[in-house]
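Reader: Hi! Could you take me on a close look at one part of this model, the loops and their surroundings, and tell me how the pieces connect? I'd enjoy one continuous account.

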Amino acid sequence: MPHDDLMDTGGAGFAERLLEVIDSGRRTATYKLALLLALLDLCALRSDADGRAPTDLTTRDLAEQVASLYWPQVAPFRREGWSDAPYLRQIRNNRSLIVDAVRKFRAEVEPAGATSLWIARQRFASEYGKTIDRIECKLAEEPLPRLQTVGTSETVFPFIYDLGPGWGANQHFSVKRLRSHGPKGPVVPLLPGAGDELVRLSPLIRPLVELHWTRMVAQLNRVATGEEDLRRHLFGAPRIAPSKMLRDELRDLQANRCFYCDERLDGLTDVDHFIPRVRSANDAIENLVLADRSCNRDKSDLLAAPSFVVHWAERNRGQAEALAMIAEMSATESDREGTMAVARSIYAHLPPDGTPMWEGRKQVVRADPELALAAME
Ligand SMILES: [Zn+2]
C-alpha cells in the first residue's frame, strides 16, 4: 500500500537529516559541525527585511563565519587548578588547515592589540583576508561537498543546499578558482525553504551541535576536565568581562537606569545580551544593555517581550551614533545591521501562538512575535 500521502517532506524529514549530520559517528574533525553552525548563523545574519532566510550563501561568507567560530577555540585551554594550558586539537590527523590558519592569525595579531576577531579584521585587513582565503579553499574542498552524505556512502543527498557539478572528491580549489566566481566566491544555493527551516530549528540544533563538538574535542585531546569547563572555553561568552568603560558608558546612555525595569542602577549591574547568547553569539554593542542583576538573572535565556523590543529597537535607531562611539572607545564590536537582522530573523520564525517571552521580573507572557517585528521595521 502506498504511503506517499504520509510522507513529510518538510520539518520532520529535514530535522532527521540534520540530526544525522550532527550524530555521524565516523567524524574525524569538527569541520562539519563548524560548517553547520556557520550555516545556521548566516541564515539569520543575512535575513531580509521581513526576517526571511536568504536563498543563497557564498563560500566567502561561510569561511568568515567558520573563522569566527574557531577564533575563541584556538586560544590555549586554561582551567582553574591546572598548570598546563594546551592548544586543543580539532581533527584526528595532524594536518588541520582551517584551525591552524585561525590559530596562526590569532597568534600574530593578538599581541598587537587585536583582542577580538572583529578588531583583528579592521586592523589587519590584509592578513585577515589571506587567512580567510585559506579557510575558504579548504571548506570548498572538504566539508562543503561532503556535509550531506549519509552513512558511509559517498553519495550526496542534498537537503540544505545543492552545489551542482564541479564539487567533491579530487576537486582542487585555489584562491584563483574561487575568485573567478567573484569577490565572494561561488554561490552556495540553498534549497527552497531550507534556510528558514534551519533558523526555525536553530534553538534545538545549536545546543546539540555544541554538545557533540565539545565531546569530540574532549575525545581528541583526552582532556581530563568537566564537560562544562570545556564547553565554556569553546562556546562561552568571551573570557574578557565587559570593561569598566563599557559598563560606565552604557550606564550614562541609560541615565543610570535599568534597561528593563527603569529603576535606578544602585546595586550590582550586568551587561545583558538582549538577544540571548544561546540564540545567537552576538557580542556587538547593539545587542548589549545594562540591567540590574535581578532583571538579568530573571530574564536568563528568555527572549524579551515585544514591549522591550520596541524600546530596544528605538535605542539602536535613536542612539546609533552614541553606541558606535562607545564601541570604538571600548574596543567592542558594532554591527547594527547584523544585530537587527538576526533579531528579525529570530522573531519571524517563532510559532505565532506559542513562545513564552520575558516581560519583566517574574512575568513571562505569550506574546505575538508580529508586534516585535513591527518595532524593528
Ligand atoms: Zn531592572
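Author: Happy to! First, a definition: helices here are DSSP runs of H or I with at least four residues, strands are runs of E with at least two, and both are numbered from the N terminus. Please keep in mind that this is a predicted model.

Let's begin with Ala 331, which sits in the loop between helix H14 (320–329) and H15. Its phi is near 50°, a positive value for a residue that is not glycine. Ala 331 counts as partly exposed because its relative accessibility is 35%, and that class runs from 20% to 50%. Ser 300 also has a positive phi near 50°, again in a residue other than glycine. That serine belongs to the loop between helix H12 (293–299) and helix H13 (306–318), and it is partly exposed too, with a relative accessible area of 43%.

Now on to helix H15, which covers residues 336–348. Its axis and that of H2 come within 7 Å and cross at roughly 100°, so H2 is roughly perpendicular to H15. On the H2 side Cys 43, Ala 44 and Leu 45 take part, and they meet Gly 338, Ala 341, Val 342 and Ser 345 of H15.

Helix H2 (residues 31–45) has another partner in helix H3 (residues 59–70): these axes come within 9 Å and cross at roughly 115°. H2 and H3 are therefore roughly perpendicular as well. Residues in that contact include Leu 35, Leu 42 and Leu 45 of H2, along with Leu 62, Val 66 and Leu 69 of H3.

Back near the loops, Glu 286 lies between strand E3 (269–273) and strand E4 (288–292). Glu 286 is buried, since its relative accessibility is 2%, under the 20% limit. Leaving aside residues up to four places away in sequence, its contacts include Trp 312, Arg 315, Glu 333, Arg 336 and Thr 339. The C-alpha atom of Glu 286 is 15 Å from that of Tyr 260, 26 residues away along the chain.

Finally, the metal site: Cys 258, Cys 261 and Cys 295, each through SG, and Asp 292, through OD, coordinate the zinc ion at 2.2 to 2.3 Å. Their spacing along the chain is C-x2-C-x30-D-x2-C. The 4 donor atoms subtend angles of 93 to 125°, so the arrangement is tetrahedral. For reference, the ideal angle for four tetrahedral donors is 109.5 degrees. Among the donor residues, Asp 292 and Cys 295 are both buried.

Definitions and conventions: Residues numbered from 1 in each chain as written. Predicted model: local features only at pLDDT ≥ 70, side-chain atom pairs only at ≥ 80, totals over all residues. Heavy atoms only, no water. Donors = N, O, S within 2.8 Å, 3.2 Å for Na, K, Ca; no water. Tetrahedral: all angles 85-135°; square planar, octahedral: opposite > 155°, others 65-115°. Buried < 20%, exposed > 50% of the residue type's maximum accessible area, 1.4 Å probe, protein only. Axes fitted to C-alpha atoms, helices over the stretch in contact; angles between N-to-C directions. Parallel < 35°, antiparallel > 145°, perpendicular 65-115°, else oblique. Contact = heavy atoms within 4.5 Å.
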